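Hello,

Here is the structure I promised to pass on to you. Please open it alongside this email, and then read on for what turned up.

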Amino acid sequence: EIAAAMHRAGAPLLTLWGADDRDRDGGFRVYAAYLLPDNVTVVELHLREQGSPVYPAIDGWFPAAQRMQRAVRDLLGISSGAIDRRGWLRHGGWPEQVFPLRRDFDADRRFPNAPAPYDFVQVEGDGVHEIAVGPVHAGTIEPGHFRFSAVGEKVLRLEERLGYTHKGIAKRWEGMPQMEGHRLAARVSGDTAVGFSWAWCAALEAIAENVCPPRATELRALALEHERIANHLGDLGALGNDGGFAFGLTQFSRMKEDLLRVNARVFRARYLMDYVLPGGVAGDLPAEAPALLLEIYSGLESNVSGMRSIYAEHAGLQDRFRSAGILETSLASRLGATGLAARASGIARDLRVDHPWPPYDRIAPRTAAESGGDVAARVQVRFAEIFESLRLCRALLQGLSAGSVYAPVPAAAPGRLGIGLIEAWRGPVMIALESGAHGSIRRCHAHDPSWQNWPLLEYAILGNIVPDFPLINKSFNLSYSGQDG
C-alpha cells in the first residue's frame, strides 16, 4: 500500500534491501527507501515467519525493484513473491539454500564453485539468432553477460546477466569499527570513491550527531566535483573512440591525466579513495593549491570547449551519436531512470539542486538536462556538467571557509539507522548504516544508481544494430562493481 502511494505521489524508489534480525526479535526485515520532496522516507516491514518468509513484491509500481528483490532472495532467502525468481548474485558461488547475509552464516566458509545454466528468455521466429557477449570482455572491462536476440544485425531483445563482481561488501561491514567503514565504502565502485565515502560518512555523522566543519564539507564538494569531471572526461574520450574518432580519446585522456596529476598535488592522491573520512577530510589544501587549481580549471574549460565544437561539427561522430540508443522520457520515467541517464532523457532531477546539502545550498548548482534521450543527448549532458562543475569548483575556492578540516566523531549509540545520500557523477548513491554495540557496525547497505539504470540499456538498444551496442553501452557507462555490491 505504501509503495502504491509513493508511486502515485511520484516519489522515486531509491533502494530496497533486507536484514536478518532473528537474533534480536525473531524475524527478518525488508526496507524500501523513497525520495520525497523534503526527505528520504524509509519503510520497514517486519517479517516474523521463520524459514523462508515472503513479502509483497513492489516491482509492479517500481520495475527497478525486480533485480533488488532477486538479490535479497539470493542473500537472505526472503522471497518477494514476484514472477521472476531466478537468482541474480549467486552464480553458483554458494549453495542455493545458503544465504550469506544471515546471521548464522560463516563468512570464512568456502564452497566449491558450481555454476548452473541460466534461464535466459528465448526469442523465437524466422531468422532470429542469439549472440552471447561476455561475461569476459577485452581489456580491463569488468565481467557482465549480454544475450542478444537479433534478426540480421537488428536487435530484437537484450537480456543482461550481472553479479559476476559480487564482493560480499555488506557482510564485510558487519562488526567492523565505525571509524573504518568509510574505507570500504570508497571501494564499492572505485570510480565513485568520493561519492560513496561521503554518503557513508554522512550516514555515520547523522546518527553520531556530529557536525562536519564547513571547510571540510567544502573540500568534500571540491573532491566530488573533481571526481565528476574526471569521469566525464574519460567517458567523452571513450565515446569518441567508439564512434571511430581516436583523436577524441587522446585529447580527453590527456585532460583527465592533467586533472589526476593536480589531484595528486592538492589532495595527495590521484584517485581519492581515502580523502573523505568521518568528521571531515584527510588533509587541508597546500598553500599553492588555489593557484594550481584555477590554472587547471582555465585550461580544462578552454580545451573542453574546443573539443565540444569539434564533436558537434564532426559529421561521422554525429551520425553515430544521433538517434542511437534512444530512451524516451516516458519510458525513462516509468522504469525509474536516475542520475545522468535520466537527465539526458528529459528528467531534470539532481540532488545537488533539488535537495541541496552544505555547501551546495550556498553555491546554487544548475541542472544540466537534454530531452533527446539518445547517445548525443548523453554526450551533451556530460559536456554541460563539466562546465558546471568547473564553475562550482571556482565558487568553492573563492568562498572557502577558514577553520579546521576535521572534527572527531563519537561512536554512535547502538541500533540507530543513518541514511547518507549523495549525488555522485552517475547519480544518487545511498548508504543505510545501522550502528552496533561498542562502536561497531551492525550492518550497512550500499546502493549504486546502476541498479536503476542497467535495465534501461535493454530498452535503449532495441531496434539498433548489434555493432552500435558498445557505443550505446558506453553512453550510459554503468558500474558492474557498484551494482553487484
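Let me start with a question: is Glu174 buried, partly exposed or exposed? Before the answer, please keep in mind that this is a predicted model.

Glu174 is partly exposed, since its relative accessible area is 21%, and a residue counts as buried only under 20%. Its salt-bridge partner is Arg103, with the closest N and O atoms 3.9 Å apart. Glu174 sits in the loop between helix H4 (169-173) and helix H5 (181-185), while Arg103 sits in the loop between H3 and E4, so this pair ties together parts that are 71 residues apart in sequence. Arg103 is partly exposed too, at a relative accessible area of 28%.

**Salt bridges**

In total, the structure holds 41 salt bridges. Another one to look at joins Glu458 and Arg67, where the closest N and O atoms are 2.7 Å apart. Glu458 belongs to helix H16 (residues 450-460) and Arg67 to helix H3 (residues 65-76), so the bridge ties together parts that are 391 residues apart in sequence. Both Glu458 and Arg67 are buried.

Then there is the salt bridge between the side chains of Asp25 and Arg29, at 2.8 Å from N to O. Here Asp25 is partly exposed, with a relative accessible area of 27%, whereas Arg29 is buried, with 11%. This pair is part of a wider set: salt bridges with shared partners link Asp21, Asp23, Arg24, Asp25, Arg29, Glu44, Glu434, Arg442 and Arg443 into one network.

**The sheets**

Arg29 also leads us to a sheet, as it stands opposite His46 in E3. The strands concerned are E2 (residues 27-36) and E3, which run antiparallel and are joined by 9 bridges. They belong to an open sheet of 3 strands, in the order E1-E2-E3 and with antiparallel pairing. Strand E1 (13-21) and strand E3 (39-47) are at the edges with a single partner strand each, so one side of each has no neighbour in the sheet. From one strand to the next, the twist averages 20 degrees.

Further along, another open sheet has 3 strands in the order E4-E5-E6, again paired antiparallel. Its edges are strand E4 (128-133) and strand E6 (154-161); each has a single partner strand, so one side of each is left without a neighbour in the sheet. Neighbouring strands in this sheet are turned against each other by 20 degrees on average, direction ignored. Within it, strand E5 (residues 145-151) pairs with E6 in the antiparallel sense over 7 bridges. If you want a spot to zoom in on, Ala150 stands opposite Val155 in E6.

**The E9-E10 hairpin**

What do we find around strand E9? Of its 7 residues, 5 are buried, so E9 is largely enclosed by the rest of the structure. E9 pairs with strand E10 (residues 428-435) over 7 bridges in the antiparallel sense, and Ile422 stands opposite Val429 in E10. The hairpin of E9 and E10 has 4 residues between the strands, and Gly427 takes a positive phi near 150 degrees there.

Gly415 is worth a look as well. Its place is in the loop between helix H15 (375-398) and strand E9 (417-423). Leaving aside residues up to four places away in sequence, Gly415 touches Glu434 and Ser435. Between Gly415 and Glu434 there are 6.1 Å in space, C-alpha to C-alpha, although they are 19 residues apart in sequence. You have already met Glu434 above, as one of the members of the salt-bridge network.

**Empty space inside**

Finally, how many cavities of 30 Å³ or more does the structure hold? There is 1. The largest cavity has a volume of about 50 Å³. Its lining is made up of Leu340, Ala341, Arg382, Trp425, Arg426, Asn453, Ser475, Phe476 and Leu478. The elements that give two or more residues to this lining are helix H12 (339-343) and helix H17 (469-476).

Enjoy exploring the model, and do write back with any questions.

Best wishes

Key:
Residues numbered from 1 in each chain as written. Predicted model: local features only at pLDDT ≥ 70, side-chain atom pairs only at ≥ 80, totals over all residues. Heavy atoms only, no water. Pairing = 2+ DSSP bridges. Axes fitted to C-alpha atoms, helices over the stretch in contact; angles between N-to-C directions. Salt bridge = Lys/Arg side-chain N within 4 Å of Asp/Glu carboxyl O. Buried < 20%, exposed > 50% of the residue type's maximum accessible area, 1.4 Å probe, protein only. Contact = heavy atoms within 4.5 Å. 1 Å grid on protein atoms, 1.4 Å probe; cavity = no way out; pocket = protein on both sides within 12 Å on 5 of 7 lines; lining within 4 Å. Points joined across faces, edges and corners; volume = space filled by probe spheres on them.
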